[in-house]
Amino acid sequence: MRPEVPNKKRRTMTFTVEPMHPPYAARITGIDLRQPISASQLVELKAVLAKHVVCAIGQDEPPTNEQHIAFSGLLGPLERGKSPKIAGTAERVPHPEIIDQSNMDEAGEIYDDQDRRLAYKRANRLWHTDMSFYDIRATYSALAGHIVPPSGADTEFTDMRAVWDALPASRKAGLEDLVVEHSYWHSRVLGGGPEPNAEERATRPPAHHKLVHMHAPSGRKALYLASHACGIVGWDKSKATALIEELMAFATQPQFIYAHKWRRGDVLIWDNLATMHRATPFDDRTFKRDMRRTTCRERAIAQGGSSIA
Ligand SMILES: [Fe+2]
């Protein structure tokens, strides 16, 4: 059942916060990410993100790539990918900090039916948290809406702190001792993508993370799971799969879900350490959808030492 929290706007010193799915997810007005944000706005924004973990900031026009990078770089060290992501493809957006989440090729046209990138991106329709397949996890993602299709394509979230809180004590027992294996390729194939070749697979080996962790900004425990989760250290495959599937189903019940309906110019920021999310379907054979994402990591990584997701 959805928590009974008043859906009231409130003013901070520098902007307005309107809860969208109390007690998490909020729309912020009074900040324009096409302009430099002040130190006090940044402090307040981080405080709002700590509580709400999903925040939408609307602009009349989306920020330029440069403005997007400048803003999101204030939230933490940015992922800088090396290209190309998929063998034989080129990049539409030339900035290494920006991950192209569109259905468009380098010429700005909708992908061919046979384009491998289409299949991989449809894997984003599985519940996940960004980059859990890396040792150094993602913190904030900032996704900007440049072209929004006329229907569908909501981005859905679940608050993994609320999920942990809602688990019965009997089910929580022992979970804090578990370590989960996450693999990029697991979710890509699960989502209907082709088997990666050996060269692609080698670019992203699996990573291990605790199933339950402390979300430091809010001081609340959270489950850390994703469709990238493919095993539990020390457990046999079938037992691990059963527990992962059980917890994923629990975490994605309707009462936990906020569905973001995009407006062109929105920048949606979420905390990957406290949420899962998924893309939802739209007619990606007819309509363009141009979404661009930056992602912060828990700490800076060596240039060229990673690949993009
Ligand atoms: Fe994602």
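Helices and strands here are DSSP runs, helices with at least four residues and strands with at least two, numbered from the N terminus. Keep that in mind as you click around, and remember that this is a predicted model.

**Stop 1: the whole chain**

Start with everything shown as a cartoon. You should find 8 helices and 16 strands. The radius of gyration is 19 Å, close to the 19 Å that the globule rule gives for 309 residues, so the chain is as compact as a globular protein of that length. Along the principal axes, the C-alpha atoms fill a box of roughly 50 × 50 × 40 Å. Of the 309 residues, 40% count as buried. Now think about contacts between residues at least 6 apart in sequence: 80% of them join residues at least 24 apart.

**Stop 2: the largest nonpolar core**

Next, select Val-54, Cys-55, Met-160, Leu-223, Leu-225, Ala-251 and Ile-269. The largest nonpolar core has 57 residues, and these are the ones that touch the most other members. Strand β6 (residues 138–147) gives this core its largest share, 5 residues.

Zoom in on Ala-251. Which residues does Ala-251 touch, leaving out those up to four places away in sequence? Show Thr-158, Met-160, Val-163, Leu-223, Leu-225, Phe-256 and Met-276, and you have them.

**Stop 3: strand β4 and its two partners**

Select residues 54–57, which make up strand β4. Are its residues buried or exposed? Val-54 and Ala-56 on one side are buried, and so are Cys-55 and Ile-57 on the other, which leaves both faces of β4 covered.

Now add residues 24–29, strand β3. β3 and β4 run parallel and are joined by 3 bridges. To see one pairing up close, pick Ala-26: its bridge partner in β4 is Cys-55. Follow the chain between the two strands and you pass through helix α1 (residues 39–52), in a β-α-β crossover that is right-handed.

Then bring in residues 267–271, strand β14. This strand runs antiparallel to β4, with 4 bridges between them. Here Ala-56 stands opposite Leu-268.

**Stop 4: Ile-269**

While you're in β14, click on Ile-269, which lies in that strand. With 20 or more other C-beta atoms within 10 Å a residue counts as buried. Ile-269 has 25, so it is buried. Beyond its neighbours within four places in sequence, Ile-269 is in contact with Leu-49, Cys-55, Tyr-140 and Ala-142. Try a distance to Ser-141 as well: Ile-269 and Ser-141 are 128 residues apart in sequence, yet 5.6 Å apart in space, C-alpha to C-alpha.

**Stop 5: two open sheets**

Select β13 (257–260) and β15 (275–279), the edge strands of an open sheet, each pairing on one side only. The sheet has 3 strands in the order β13-β7-β15, with antiparallel pairing. On average, neighbouring strands in this sheet are turned by 20° against each other, direction ignored. Between strand β7 (residues 155–159) and β13 there are 4 bridges. Pick Thr-155 and look across to its bridge partner in β13, His-260.

For the other sheet, go to β9-β8-β12. Again, 3 strands form an open sheet with antiparallel pairing, in that order. β9 (207–210) and β12 (229–232) stand at the edges with a single partner strand each, so one side of each has no neighbour in the sheet. Neighbouring strands in this sheet are turned by 35° against each other on average, direction ignored. Strand β8 (residues 179–182) and β12 pair over 3 bridges. Label His-182, and you'll find Ala-229 of β12 opposite.

**Stop 6: backbone oddities in the loops**

Finish with some backbone angles. Where is Pro-23? Look in the loop between β2 (16–21) and β3. The peptide bond leading from Pro-22 to Pro-23 is cis, with omega near 5°.

Then jump to Met-131, in the loop between α3 (116–122) and β6. Met-131 has a positive phi of about 65°, although it is not a glycine. Met-131 is also buried, with 28 other C-beta atoms within 10 Å.

Your last click is Ala-153, in the loop between β6 and β7. Phi of Ala-153 is near 70°, a positive value in a residue other than glycine. Ala-153 is buried too, with 21 other C-beta atoms within 10 Å.

Methods:
Residues numbered from 1 in each chain as written. Predicted model: local features only at pLDDT ≥ 70, side-chain atom pairs only at ≥ 80, totals over all residues. Core = buried A, V, L, I, M, F, W, Y, C linked by C-beta atoms within 7 Å. Buried ≥ 20, exposed ≤ 12 C-beta atoms within 10 Å, placed from the backbone. Contact = placed C-beta atoms within 7 Å. Pairing = 2+ DSSP bridges. Right-handed = clockwise from strand over helix to strand, strands pointing away. Axes fitted to C-alpha atoms, helices over the stretch in contact; angles between N-to-C directions. Rg over C-alpha atoms; globule rule 2.2 N^0.38 Å.
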